Structures are given as C-alpha cells and as structure tokens.
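Got your viewer open and a selection box ready? Let's click through this one stop at a time.

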Amino acid sequence: MDIASRPSQPEDTQVADAAPPPQTPAVIRREDYQPPAWLVPEIALDFALGLDATRVVAKLSVQRNPAGNGTSTLRLNGDQIVPVAVAVDGEAVNDWRLDGDDLLVELSGDAHEITVETALNPAANSQLMGLYASNGMLCTQCEAEGFRRITFFPDRPDVLSTYSVRMSGDKATFPILLANGNCTASGEGEDGMHWAEWHDPWPKPSYLFALVAGDLIANHTTFQTMGGRTVDLNVWVRPGDEGRTDHALESLVNSLKWDEETFGREYDLDLFNIVAVSDFNMGAMENKGLNVFNTRYVLADPDTATDGDYDAVEGVIGHEYFHNWSGNRVTCRDWFQLSLKEGFTVLRDQLFSADMGSEAVKRIEDVRILRSAQFPEDSGPLAHPIRPDSYQEISNFYTATVYNKGAEVIRMMRTMAGAERFRKGTDLYFERHDGEAATCEDFVKAIEDGAGLDLTQFRLWYSQAGTPQVRVEQVQNGTETVLTLTQAVPATPGQPEKQPMPIPLRVALFDRATGTHSGEQLIVLTKAEDSFAFAGFKTAPVVSINRGYSAPVAIEMDRDPADLVFLAAHDDDSFARYEAMQSLVVRHLVAAVDGALSDEAREAGQQAIGQAFAAVLADEALDDLMRGELMILPSVAYLAEQILVSDPSAIHAEREALKAWLGRTCAEALAAMHDRASAVPYSREAAARGARKVKTQALVYLAAGQPQQTAARAMAQYRAADNMTDRQGALMVLAGLDAPEREEALADFYARYADNALVVDKWFSLQAGSLHPRVLDHVRELAKHPAFTMGNPNRVRALYMALAVNPGAFHDASGEGYRTIGDLIRRLDPVNPQTAARFVPALGRWRRIEPVRAALMREELEKIVAQAGLSRDVFEQASKSLG
Ligand code: B3K
Ligand code: ZN
C-alpha cells in the first residue's frame with residue numbers, strides 16, 4: 001500500500017527538535033476523566049529494526065466509541081516523533097495536523113483503518129522510554145506513556161487492542177526477535193536479514209506492548225498449569241550471563257504455582273518470556289507475556305549476589321508475574337487508578353515472599369521500607385493519596401505511597417475480612433472485571449460484596465493523604481483495662497481537613513506475672529476518639545497494639561521503658577517484638593537529639609536498650625534471620641519523622657553513638673556471635689542465611705565500638721568470604737573506617753569484579769553510602785572514575801542515590817551534599833528526566849530540616865526550577881517541593 005511521504009519532516013531522528021518544555025505543564029485531573037472518543041480493537045505493527053534507524057508502520061483499526069463524545073477528530077498521542085506518512089483506509093492523506101506532539105486526523109465514518117509510519121533512532125533515546133538501544137540490543141519500555149514515542153496512538157490504559165507484530169532485522173545483530181504473545185511465523189530474508197511475527201490474543205493497553213531484539217540466550221523450563229496447559233518459561237540474558245539465571249527461573253516457577261494456589265489465578269499463554277536489560281529506569285515491567293527486567297532483578301549467583309539480592313529477584317519476578325492478572329487481565333481505567341494494580345500487586349508479592357521465606361522477617365522488612373520511604377513522602381510537600389487527584393507527569397506517581405501504602409490499605413481489608421473471605425472478594429473482582437480497565441472503586445466494591453464487609457468509611461483511605469497518628473491511653477478501672485484511642489490525620493498539601501478513618505488494630509494484653517496473654521483481638525477505631533474495655537485484669541497489663549503492623553499508622557503511647565523491654569523479650573508476635581525494640585530506641589534517640597536527656601536519663605535509656613539488645617543476642621529461641629532484624633536500629637529517616645524540625649546530622653551522630661555504645665558494651669557477645677556465624681558454611685538455607693546476617697550485623701556494631709580492632713576482623717571476613725553477602729558486608733564496614741584495610745579491600749573488590757556491572761554498582765554504592773568522614777570527596781572522585789556513566793540508571797543510582805540516603809554525608813553542614821545532588825539533577829535532566837526526578841524528594845524535605853540547611857536545600861531547588869528547558873518530570877517535583 002502506498003502511503004504519502006512528507007519529505008519536509010525529519011525522518012531519522014527519534015528526538016525531533018522539540019520546543020523547550022513548558023515551565024508550567026498542564027495539570028491532569030482525575031475528575032476530568034472522559035471515556036475515549038475512538039477505540040482501537042486491533043493494531044498491526046511492522047518494525048524494520050536498526051539500532052540507530054528503525055521504521056515503524058502502524059495499522060490501527062479504529063472505531064467510534066458509542067460511549068465517547070462523538071467527535072470526528074481522531075487524536076493519536078505522540079511524543080517527540082513525527083509522522084513520515086499517514087493513510088486512511090489505504091489512501092494517503094495530507095490533511096492531518098499536529099497539536100503539540102499529538103496527531104489529529106479528521107474521520108468521516110464510524111470505523112476506519114489508519115496507517116502511520118514513523119522513523120526512530122533508538123540509539124539516541126537516552127530517556128529509556130519507548131524503543132531504545134541497550135548494550136547492543138533493542139528493547140521497549142511503554143508504561144506509562146512510552147508507546148507514544150514509538151508510534152501515534154490513543155496512549156491511555158482504557159484503550160485495549162489486539163496486537164499483531166512483525167519485525168525484521170539483521171540476523172547477526174538481532175538473532176532473537178521477541179514480542180508479546182506467541183510467535184506465529186518466522187523466516188529468513190535477503191542479505192542476512194530475518195523476520196518474525198508475533199500475535200497476542202489478549203487485548204491490552206499500549207503500555208503493555210513490548211518488543212526485544214538482540215543477541216540473547218535463554219534458561220528454559222516448562223510449567224504445567226492447574227488447567228493442564230504447558231507453558232514454556234524462558235529467562236533471556238546476554239551470552240555469558242546464563243549461569244546466573246537459575247534463581248530467577250526457579251522464582252518464576254514458584255510464582256506461577258503460588259498464584260494458582262493462593263489466588264486461583266492461572267497463566268493464560270503458552271509462553272512466558274523474561275528478558276534482562278542493563279539500561280532500565282526502574283526494576284522491571286510486566287508487559288504481557290514478555291516481561292522486561294533490569295539485570296539487577298534477574299542475575300544472581302552466590303559469588304556476585306547477596307542474600308538480599310536473591311530475595312529481591314524473587315520478589316520482583318513474583319511481582320511482575322502477578323501483574324498478569326492484577327494489572328494485565330484487569331487493567332486500570334486511567335493512571336489515577338495506578339494503585340489498583342500496584343498496591344494490590346505489591347501485597348501479592350509480599351504475601352508470596354512471606355510464603356517462600358520467613359513471614360515474620362518479611363513483615364518487618366516491608367514496614368521498614370514503608371517507614372523510611374513512604375512516611376517521609378506522606379509528611380512532605382509531595383504527599384498524595386494512594387489514588388491521587390491530579391498530576392503533571394504520571395511518572396512521578398510511581399511512589400512508595402501508591403505502591404507500599406497502597407498495599408497496606410488492601411492488607412487492612414484482608415485483616416478485617418480474614419484471608420478466606422478476602423479471597424472471595426478477589427475472586428469476585430477478577431470475575432467481574434476480567435478484560436476490563438477498572439477503577440479502585442471497582443476493587444473496593446468487589447471486596448465489599450465478595451468478602452461481606454462494609455467499606456463505606458474505609459474508602460477514605462483512597463482519598464486522604466497523610467499518616468494517621470493514633471494516641472493510646474491506658475487506664476485501669478478495678479479489673480477492667482480501658483484503652484482510649486484518638487486518631488488524627490495530619491494536614492497535607494491541598495487537604496487541610498481530614499475525617500477519621502477506620503483503623504484496624506490487632507491487640508493483645510499481657511499479664512506481667514506470666515508473660516502471656518489470653519488471645520489477640522481485632523479492634524477497629526472508626527471515630528476520632530473511642531474507648532475499648534477489656535475485663536479480667538487484676539493489675540494493669542502490658543499492651544501490645546498494632547500487632548503485625550495491622551494498620552499503617554503511627555502509634556503514640558506514653559509507656560514505661562520497662563514495658564517495652566518486657567515486650568521486646570516476651571511478645572509472641574514477632575513484629576510487635578521488633579516494634580517494642582524500635583520504640584525503645586526511638587524514644588531514647590529523639591530525647592537525646594532534643595537535648596532533653598540528663599546524664600542519668602541517658603544512662604538509664606542506654607541501659608534499657610542494652611538490656612533488650614543483649615537479650616536479643618542471647619535468646620536461643622530466636623532464629624538468626626529474626627535476630628538480625630531485631631538488631632537493626634531505626635533509620636535516620638524514620639527518626640527524623642518523629643521530630644517536627646530536625647538536624648539530621650545530630651540524629652545521625654546520636655544514632656552512631658548508640659551503636660558505638662552497644663558495640664563496646666556487648667563486645668564480647670558480638671565477637672562470639674561473629675565467630676559462631678563465621679563457622680557456618682555457605683548455603684541458601686535459612687539457618688546459613690541467618691548466620692550471614694548476624695555476622696555482618698555483629699561486625700557493624702563492633703566497628704562502631706572498636707573501629708581499629710574491628711578493621712582486622714572485617715578484613716578477615718572479607719578474605720575468607722566465599723560469597724557476596726559476606727564480602728559485601730565486610731567491605732561495607734571497611735568502607736566506613738579510616739584504616740589501611742579499607743583501600744586494600746576496595747581495590748581488591750574492584751579488580752575482582754571489574755567486568756561485572758552489577759557488582760561494580762555495589763562498589764560505587766558502598767563508598768557513597770559509607771560512614772567515612774570524607775564521603776563527599778570520595779563521591780567527587782568516583783564521578784570521574786572511568787566506570788562511571790550518566791547513561792546507565794543503575795550506575796547513577798549506585799553513586800548518587802547512595803549519597804542522597806546517606807544522612808551523614810548528604811546533610812553535611814557545608815551544603816556540599818545538597819549541591820552534589822542538585823548538580824546531578826540539573827545534568828541528568830536532559831539525558832533521563834524520569835531518573836533525574838527521583839532525586840528531587842531528597843532536597844524537598846527542607847521544611848522539616850533546621851533553618852541553615854533548609855536554606856541550602858531550597859537554594860538547590862531554586863537553581864533547578866530556573867534551569868531552561870527543564871523536563872515536566874523534574875519541574876513538577878521541584879516546584880511542588882518549593883511551593
Ligand atoms: N509497572 C512497572 C512500573 C512502570 C514505571 C513507569 N515509570 C513496574 C511494576 O510496578 O511492576
Ligand atoms: Zn508493579
């Protein structure tokens with residue numbers, strides 16, 4: 001078919017000479033949602049692939065949507081692409097228009113075939129959205145709005161199409177050609193070319209489209225589904241990496257099996273491909289039948305991946321696979337509904353990881369992430385509800401709030417319903433909405449109907465931002481214990497007033513004499529203030545509340561430190577035990593930072609913590625994985641949350657001083673623990689993983705307490721290491737010490753792993769995140785290291801995100817930490833705005849920081865917003881942070 005060509009349009013560049021991005025981008029509002037005017041039931045894409053020149057011919061069968069506004073104008077979104085040619089029903093047309101980046105075509109009837117040709121330069125696509133080149137291969141990333149960088153299309157999640165893809169390219173460069181669905185045909189062309197055709201029978205939104213072409217090798221197995229389908233599973237990597245794919249493949253098999261057993265969800269194609277790419281903006285992407293992953297969440301072997309890396313691979317493989325139902329079969333109506341798929345899928349991956357390993361440890365890890373990443377978001381200038389009301393750039397809303405708080409909100413429904421009734425709700429949700437683009441409201445309604453809950457008031461969790469504060473007062477009236485609970489949801493940007501929300505709290509009351517309780521209860525606080533009475537206590541019991549972290553709230557309760565020591569030693573809920581230990585430390589450190597501690601009070605606080613800490617070290621009933629968790633002090637970010645306006649350096653200094661005190665006080669027990677754990681041979685079994693965890697924890701405390709002596713111990717751990725967990729743990733400790741062993745170990749590590757990008761990332765991170773007093777100098781030098789590049793998001797994050805979350809260095813009184821991150825944002829923005837924008841929140845916390853540092857942070861934000869041609873991504877984050 002002949003389609004008209006427009007020679008005046010640049011044909012060979014992905015990045016057209018774009019107008020400078022607007023400084024005040026349009027605000028998109030949830031309340032303005034309109035159904036699409038035109039639907040696209042089918043699309044055929046033909047790619048002529050080349051690393052620096054790819055031609056795309058897209059054929060869209062479009063139909064007027066009876067539920068739309070009836071317009072005869074078809075709007076196809078584009079982003080920095082230009083149409084080479086446009087045809088309607090096979091006839092070339094010239095009367096199309098561009099409105100900004102969008103292509104507008106006038107249509108006379110109700111159904112037409114639109115053909116558009118575009119020309120792309122994947123090698124020049126440094127944003128890593130759309131079609132781009134990575135490490136000699138081609139791959140795509142379309143969520144949220146990347147498809148419009150490939151071809152013109154109604155690029156919104158409520159337009160679902162059946163995709164047929166043909167691609168051709170040089171066989172030597174691209175021996176493997178992959179897309180969504182099943183491969184339906186392939187063949188050889190002339191001059192070393194070959195081609196493949198793929199068809200995905202499941203209608204999907206454009207954000208789930210994927211294509212990969214390159215030199216890849218697969219680790220393969222098959223899986224028999226509960227319905228008897230045999231599925232081919234492949235993990236594709238660059239040749240040479242295949243020896244590090246077994247864990248990913250095993251995790252994938254476990255994911256398919258778990259989703260059948262736990263949620264009754266069966267896989268629906270004969271093929272499931274995962275491809276690992278080195279240049280990727282985030283963790284992974286759930287494209288239908290063709291997940292694209294950051295290598296970081298695929299590659300693992302004992303020599304190069306830590307136990308934490310293994311867990312992350314398992315979790316992310318599970319997460320992306322689970323999206324096949326929660327995200328793909330039921331997708332989102334619009335991007336405001338993002339938590340519909342992300343919150344639910346995070347909950348699903350959390351439950352999966354808990355079932356694969358230790359439920360108790362997993363819960364603690366999840367809460368730690370929530371508190372150090374989401375709590376600061378919820379109390380800062382970028383706070384938003386899990387279902388936001390407006391955005392300028394949707395990429396900025398892939399946040400800990402939408403993901404992790406979103407998961408907590410759905411977990412509360414599960415807690416209130418119980419696992420069985422919750423499952424009835426999710427079954428109903430999948431049954432009702434399979435094949436649809438749904439809303440958060442659809443989900444809540446399905447859980448309400450299926451699980452038999454009244455969630456009327458609970459819906460507030462979707463619309464109100466801010467972490468609720470729950471105050472607990474305990475009064476003893478004779479043999480009755482009364483808990484009076486009050487809740488307050490803090491004001492957040494655009495939401496000055498809040499209503500009380502239902503807060504489910506698991507509670508147990510412990511008898512002090514026996515150290516036991518007579519059963520856990522679930523109470524739901526629905527009012528601003530309410531009282532709950534418990535009969536049968538001769539003396540005031542010790543209250544264990546929000547067990548299992550049943551609600552994502554902050555509990556405030558004045559209590560005797562002895563009660564916390566009691567719970568840290570006796571609580572039979574592992575999370576509550578951890579929480580008691582954390583509260584003990586939080587109270588002490590907050591008071592210390594406040595200058596409110598007399599010498600005696602400091603001594604008493606330390607003694608209480610030391611007593612609980614020593615009990616944790618000595619408790620033979622504890623497994624080491626849990627012991628390791630209980631040993632970790634609350635993060636500076638979480639501690640800073642407890643203080644209205646803080647000096648993060650002071651918090652950091654107090655926290656380090658406590659570590660040093662514990663290291664000195666418990667030196668003997670810690671050294672014995674290090675010796676014991678060092679004798680355990682490497683295996684992936686829980687006991688051996690636990691031993692590795694406490695081994696490095698012991699080293700951390702010993703290094704804080706006795707730095708010089710510990711350097712030798714750490715170096716011995718480094719030398720003896722036969723796995724990355726031990727080696728990285730030792731190097732982390734050494735990187736923070738001013739000792740000759742530091743340089744020796746860092747040089748050895750780099751020389752040993754210079755060819756392994758993921759391990760070199762660790763080398764950058766350990767230095768930028770270290771406790772060393774000269775971190776900022778190290779970062780400056782590392783930025784000039786030949787292995788550093790701004791083109792690879794993993795490398796950028798390895799160096800600079802490690803710095804941004806390193807409280808000592810980032811908040812250095814000189815302001816150099818802020819300047820380093822400010823400079824980075826300005827330099828990275830023109831290369832990769834999405835990754836650049838991720839660094840802004842670190843500077844955006846200025847209102848909660850003491851005035852001298854706050855002014856320095858503001859200064860950086862002001863320089864950022866003043867930069868000409870700033871992306872929408874960074875503009876939105878920086879301007880809201882100043883606002
Ligand atoms: N859905 C993707 C995230 C896409 C992010 C786009 N900026 C990965 C995930 O959450 O599974
Ligand atoms: Zn996800």
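What follows is a walk through a predicted model, from a metal site out to its domains.

**Stop 1: the metal.** Select ligand 2, the zinc ion, and show what surrounds it. Which residues coordinate the zinc ion? You should find His319 and His323, each through NE2, along with Glu342 through OE, at distances of 1.9 to 2.0 Å. Read along the chain, these donors have the spacing H-x3-H-x18-E. Now colour by secondary structure: His323 sits in the loop between helix 2 (307–322) and strand 22 (331–332), while Glu342 belongs to helix 3 (residues 338–356). Those two are 19 residues apart, and the pair links distant parts of the chain.

**Stop 2: a tyrosine beside the donors.** Next, select Tyr403, which you'll find in helix 5 (residues 400–417). Leaving out residues up to four places away in sequence, Tyr403 touches His319, Glu342, Gly343, Val346 and Tyr398. Two names there should ring a bell, as His319 and Glu342 are zinc donors. Put a distance label between the side chains of Tyr403 and Glu342: they make a polar contact of 3.3 Å. For a sense of scale, try Lys538 too; its C-alpha is 44 Å from that of Tyr403, with the two positions 135 residues apart along the chain.

**Stop 3: along helix 3.** Go back to helix 3 and pick Lys341. What does Lys341 form a salt bridge with? The partner is Glu143, and the closest N and O atoms are 2.8 Å apart. Glu143 is in the loop between strand 11 (137–141) and strand 12 (161–170) and Lys341 is in helix 3, so this salt bridge ties together parts that are 198 residues apart in sequence. If you'd like to hunt for others, the structure holds 75 salt bridges.

**Stop 4: backbone oddities.** Stay on Glu143 and show the backbone. The peptide bond joining Glu143 to Ala144 is cis, with omega about 0 degrees; Ala144 is likewise in the loop between strand 11 and strand 12. Then jump to Asp89, in the loop between strand 5 (83–88) and strand 6 (91–92). Asp89 isn't a glycine, yet its phi is positive, about 50 degrees. Why stop for these? Because most residues other than glycine have a negative phi, and most peptide bonds are trans.

**Stop 5: zoom out to the domains.** Colour four ranges: domain 1 (1–215), domain 2 (330–463), domain 3 (469–551) and domain 4 (754–883), as the domain assignment has them. Keep domain 1 and domain 4 on screen. Their centres, taken over C-alpha atoms, are 34 Å apart, and nine residues of domain 1 are in contact with 12 residues of domain 4. How much area do the two bury between them? About 860 Å², 55% of it on carbon and sulfur atoms. On the domain 1 side, the touching residues are four nonpolar, four polar and one charged. Two residue pairs are in polar contact across this interface, and the salt bridge count between the two domains is zero.

Notes: Residues are numbered from 1 along each chain as its sequence is written. Chains are lettered from A and ligands numbered from 1 in the order in which they are written. This is a predicted model: local features need pLDDT of at least 70, side-chain atom pairs count only at pLDDT 80 or more; totals for chains, interfaces and linings use all residues. Side-chain values use heavy atoms; hydrogens and water are left out. Domain bounds come from an automatic or database domain assignment. Contact means heavy atoms within 4.5 Å. Buried area is the accessible area (1.4 Å probe) that two parts lose on being put together, summed over both. A salt bridge is a side-chain nitrogen of Lys or Arg within 4 Å of a carboxyl oxygen of Asp or Glu. A polar contact is a pair of N or O atoms within 3.5 Å; within protein, one must be able to donate a hydrogen and the other to accept it, and residues adjacent in sequence count only if both atoms are side-chain atoms. Ala, Val, Leu, Ile, Met, Phe, Trp, Tyr, Cys and Pro count as nonpolar, Asp, Glu, Lys and Arg as charged, and the others, Gly among them, as polar. Donors are N, O and S atoms within 2.8 Å of the metal (3.2 Å for Na, K and Ca); water is not among the atoms, so sites may look incomplete. Helices (H or I, at least four residues) and strands (E, at least two) are DSSP runs, numbered from the N terminus.
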